Amino acid sequence: MILKVGQSLASNVDTTTLIVVRSPQGGDVTLTCGGSAMEEGKKPSGDGSAIDPANTGGALLGKRYVDESSGLEVLCTKSGQGQLALDGVALVLKTAKPLPSSD
């Protein structure tokens, strides 16, 4: 799937929904949740019971997940139980940049 900025994605194995904030550099990629490819759209179609225990980890509401090597950044708009991954590599939670000291 070619991901575009602003695109809504939904899981087919749990309740996770995402919005693409930064699209990956390159072409066709596979974004998965709980080991299953995410689908374009806003309605998730799973309840979490079909997730393999090796692919759990959950996405948290309002948090951003990134893949530094490709440049992908997504925003979780509805949380779920499945782990997010891009081409088999787990996405990591984006951390806030530390503010400079005000000494």
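Contact means heavy atoms within 4.5 Å of each other. The legends below use the word in that sense, and they describe a predicted model.

**Figure 1. Lys63 and its contacts in the predicted model.** Lys63 is found in the loop that joins β6, residues 56-59, to β7, residues 64-67. When residues up to four places away in sequence are not counted, Lys63 touches Val74, Leu75, Cys76 and Leu93. One of these partners, Cys76, is 13 residues from Lys63 in sequence. In space, the C-alpha atoms of Lys63 and Cys76 are 5.7 Å apart. Is Lys63 buried or partly exposed? Its relative accessibility is 39%, so Lys63 counts as partly exposed, because this class covers the values between the limits of 20% and 50%.

**Figure 2. The whole chain, as a frame for the close-up views.** The chain has 12 strands and 0 helices. Read from the N terminus on, the elements therefore run β-β-β-β-β-β-β-β-β-β-β-β. Along the principal axes, the C-alpha atoms fill a box of roughly 50 × 30 × 25 Å. A compact globule of 103 residues would have a radius of gyration near 13 Å, and the value of 14 Å for the chain agrees with this. Of the contacts in the chain with a separation of 6 or more, 62% are between residues 24 or more positions apart. Buried residues make up 37% of the 103 residues. The accessible surface comes to about 6,100 Å², and carbon and sulfur atoms account for 52% of that surface. The chain carries 9 positive and 11 negative charges, and the mean positions of the two sets are 10 Å apart.

**Figure 3. The largest nonpolar core and Leu91.** This core has 16 residues. Which residues have the most contacts inside the core? They are Leu31, Leu72, Val74, Leu84 and Leu91. The elements that give two or more residues to the core are β2 (17-22), β3 (31-33), β8 (72-78) and β10 (84-86). Among the elements, β8 gives the most, with 3 residues. For Leu91, neighbours within four places in sequence are left aside; the contacts that remain are with Leu31, Tyr65, Val66, Asp67, Leu72, Val74, Leu84, Ala85 and Leu86.

**Figure 4. Gly82, a buried residue in strand β9.** Strand β9 spans residues 80-82 and includes Gly82. The relative accessibility of Gly82 is 0%, so this glycine counts as buried, a class that requires a value under 20%. Leaving aside neighbours within four places in sequence, Gly82 is in contact with Asp14, Cys33, Gly34, Ile51, Asn55, Gly57, Gly58 and Ala59. How far apart in space are Gly82 and Asn55? They are 6.0 Å apart, C-alpha to C-alpha, with their positions 27 residues apart in sequence.

**Figure 5. Ala10, a buried residue in strand β1.** Ala10 lies in strand β1. Ala10 is buried, with a relative accessible area of 3%. Not counting residues up to four places away in sequence, Ala10 touches Thr16, Thr17, Met38, Glu39, Gly41, Lys42, Lys43 and Pro44. Ala10 and Ser101 are 91 residues apart in sequence, and their C-alpha atoms are 40 Å apart in space.

**Figure 6. Asn12 in the loop between β1 and β2.** The loop that holds Asn12 runs between β1 (8-10) and β2. Asn12 has a relative accessible area of 25% and is therefore partly exposed. Residues up to four places away in sequence are again not counted: Asn12 touches Ser36, Ala37, Glu39, Ser45 and Gly46. One of these, Ala37, is 25 residues from Asn12 in sequence and 7.6 Å from Asn12 in space, C-alpha to C-alpha.

**Figure 7. Asp87 and its backbone angle.** Asp87 is found in the loop between β10 and β11, the latter being residues 89-90. Although Asp87 is not a glycine, its phi is positive, at about 50°. The relative accessible area of Asp87 is 47%, so this residue is partly exposed.

Methods
Residues are numbered from 1 along each chain as its sequence is written. This is a predicted model: local features need pLDDT of at least 70, side-chain atom pairs count only at pLDDT 80 or more; totals for chains, interfaces and linings use all residues. Side-chain values use heavy atoms; hydrogens and water are left out. A nonpolar core is a set of buried Ala, Val, Leu, Ile, Met, Phe, Trp, Tyr and Cys residues joined through side-chain atoms within 4.5 Å. Buried means under 20% relative accessible area, exposed over 50%, partly exposed in between (1.4 Å probe, protein chains only). Helices (H or I, at least four residues) and strands (E, at least two) are DSSP runs, numbered from the N terminus. The radius of gyration is taken over C-alpha atoms; the globule rule is 2.2 Å times the number of residues to the power 0.38. Accessible areas come from the Shrake-Rupley method with a 1.4 Å probe; for residues, only the protein chains shown count as cover. Lys and Arg count as positive and Asp and Glu as negative; His and the chain ends are not counted. The place of a charge is taken as NZ of Lys, CZ of Arg, CG of Asp or CD of Glu.
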